[in-house]
Amino acid sequence: MIEEFHRVKRLPPYVFAEVNRLKAAARARGADIIDLGMGNPDMPTPQHIVDKLVDTVAKPRTNRYSASKGIPGLRKAQAAYYARRFGVKLNPETQVVATLGSKEGFANMAQAITAPGDVILVPSPTYPIHEFGFIISGAAIRHIPVVGPVAGAGSAQFAGADAETAFLRGIERAVKHSIPKPLAVVLSYPSNPTAMTVGLDFYTEVVQLAKKLDLIILSDLAYAEIYFQGPPPPSVLQVPGAFDITVEFTSLSKTYAMPGWRMGFAVGNERLIGALARVKSYLDYGAFTPVQVAATAALNGPQACVEEIRATYKSRRDCLVESFARAGWQVTPPPASMFAWAPIPEPYRDVGSVEFAKLLVEEADIAVAPGLGFGEYGEGFVRIALVENEHRIRQAARNIKKFLARSRDPLHNVIPIAREASR
Ligand SMILES: Cc1ncc(COP(=O)(O)O)c(C=O)c1O
């Protein structure tokens, strides 16, 4: 058999695997690791949604193959959500497809629209499927950096209007210098991992630019409902004319704490949605019908649970920012998402995000995600997920404080420990 399969060869070893391996080893030794690594929501799914699932499972015929693009009531419920939340009108027949989580929808959209060698513009750092969904589909990726050099301080996150301008100019530059001309650009706000948010003015400019440059827009709005300050995140589909070129992905995973249920949506341009529906019709029979019925109940039912989930993330965020600052690690409060994007503290900046994350597991009993796992421009940062309760977050801060205090000890040399950790 050939040594390595063509597609598998294009998937690099998982950056998070090294940290995961150390985490598992530490746990096997009996360490109580505070896991702020994976963005895996820990809160229970609201009871009325679970009840709906249980009721539906008991009904006859719900065991049968379901509808690949989603049952009609579910697509209608998603259209109703877009209407009330964004003022965007969707035709549930032609402009909405239910997906097995937004990740599956994104990856199969990449399959549906990519010809081998097409160039796709992807922000860096970003959620890995934005890049690897297209790599698996045979595309070439051109990164648009969302960090930039800062005088005397290595690189840092662009902020506010600077970040928006840098991204728009990055698109122009990439199109000018790419052969073949890029097919699509990925947008993802609120961003995982940086938590950056944007407003409608930015989307208006992107839509204008993408139309001028003949680019498809794929917008990942997985954190639409997880926001803490400022106006709620908008949809790019609110921009007049965006429907001509845009598909947007949303998810129930974070909004209703339903990550394992695998329920998301793609909505927008009919041709693009049609292409996704066609590919999916060959690949799957849709989510289990009771999951689709319960997801419909989530979207159509009382929304107080969403406010509670949002409030829980917000108080965890405040707890993290405040307790980590007291421990000596300044973390910018994320305006949205369930992540803080934190620069590696000064004494460890040179060891890099993977070694630093490994050190935190070994020396502070804390797991975080190394920034490098989100792309080359993620180096210098770690992502801290708000997936443990406040008591555990405060414990993490105490561990950090001791860890940072040890690093000030002149007898303590960081580099040998980093080497040790990588063995
Ligand atoms: C930006 C972003 N998109 C998509 C996903 C995947 O979500 P889903 O569970 O809907 O596949 C995540 C999960 O962390 C995410 O952060």
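The following paragraphs lead from the overall fold, through the domains, to one helix pair and one cysteine.

The structure is a predicted model. Its chain contains 15 helices and 14 strands. For 423 residues, a compact globule would be expected to have a radius of gyration near 22 Å, and the chain agrees with this expectation because its own value is 22 Å. The C-alpha trace extends over about 65 × 55 × 55 Å along the principal axes. Of the 423 residues, 51% count as buried. Contacts that are distant in sequence are also well represented: among those between residues at least 6 apart in sequence, 75% join residues at least 24 apart.

The domain assignment divides the chain into domain 1, given as 6-44 + 305-422, and domain 2, given as 47-302. Domain 1 is thus written as two segments, and domain 2 as one. The C-alpha centres of the two domains are separated by 26 Å. To their contact, domain 1 contributes 30 residues and domain 2 contributes 37 residues. On the domain 1 side, the elements that supply two or more residues are helix 12 (304-327) and strand 11 (339-343). Helix 12 provides the largest share of that side, with 7 residues. Classified by residue type, the side of domain 1 that touches domain 2 comprises 16 nonpolar, 7 polar and 7 charged residues.

A helix pair can be examined in more detail. Helix 5 (residues 101-113) packs with helix 10 (residues 270-283) at an angle of about 100°, and their axes are 9 Å apart. Since angles of 65 to 115 degrees count as roughly perpendicular, helix 5 and helix 10 are therefore roughly perpendicular to each other. Helix 5 enters this contact through Gly105, Asn108, Met109, Gln111, Ala112 and Ile113, while helix 10 does so through Leu272, Ala275, Leu276, Arg278, Val279, Lys280 and Leu283. By class, the residues of the contact are 8 nonpolar, 3 polar and 2 charged.

Finally, helix 12 also holds cysteine 319. How many other C-beta atoms lie within 10 Å of cysteine 319? There are 19, and cysteine 319 is therefore partly exposed, because a residue counts as buried at 20 or more. Leaving aside residues up to four places away in sequence, cysteine 319 touches Glu390, Ile393 and Arg394. Phenylalanine 356 offers a further reference point: cysteine 319 and phenylalanine 356 are 37 residues apart in sequence, and their C-alpha atoms are 22 Å apart in space.

Note on methods: Residues numbered from 1 in each chain as written. Predicted model: local features only at pLDDT ≥ 70, side-chain atom pairs only at ≥ 80, totals over all residues. Axes fitted to C-alpha atoms, helices over the stretch in contact; angles between N-to-C directions. Helix = DSSP H or I, 4+ residues; strand = E, 2+ residues; numbered from the N terminus. Parallel < 35°, antiparallel > 145°, perpendicular 65-115°, else oblique. Contact = placed C-beta atoms within 7 Å. Nonpolar A, V, L, I, M, F, W, Y, C, P; charged D, E, K, R; others polar. Domains from an automatic or database assignment. Rg over C-alpha atoms; globule rule 2.2 N^0.38 Å. Buried ≥ 20, exposed ≤ 12 C-beta atoms within 10 Å, placed from the backbone.
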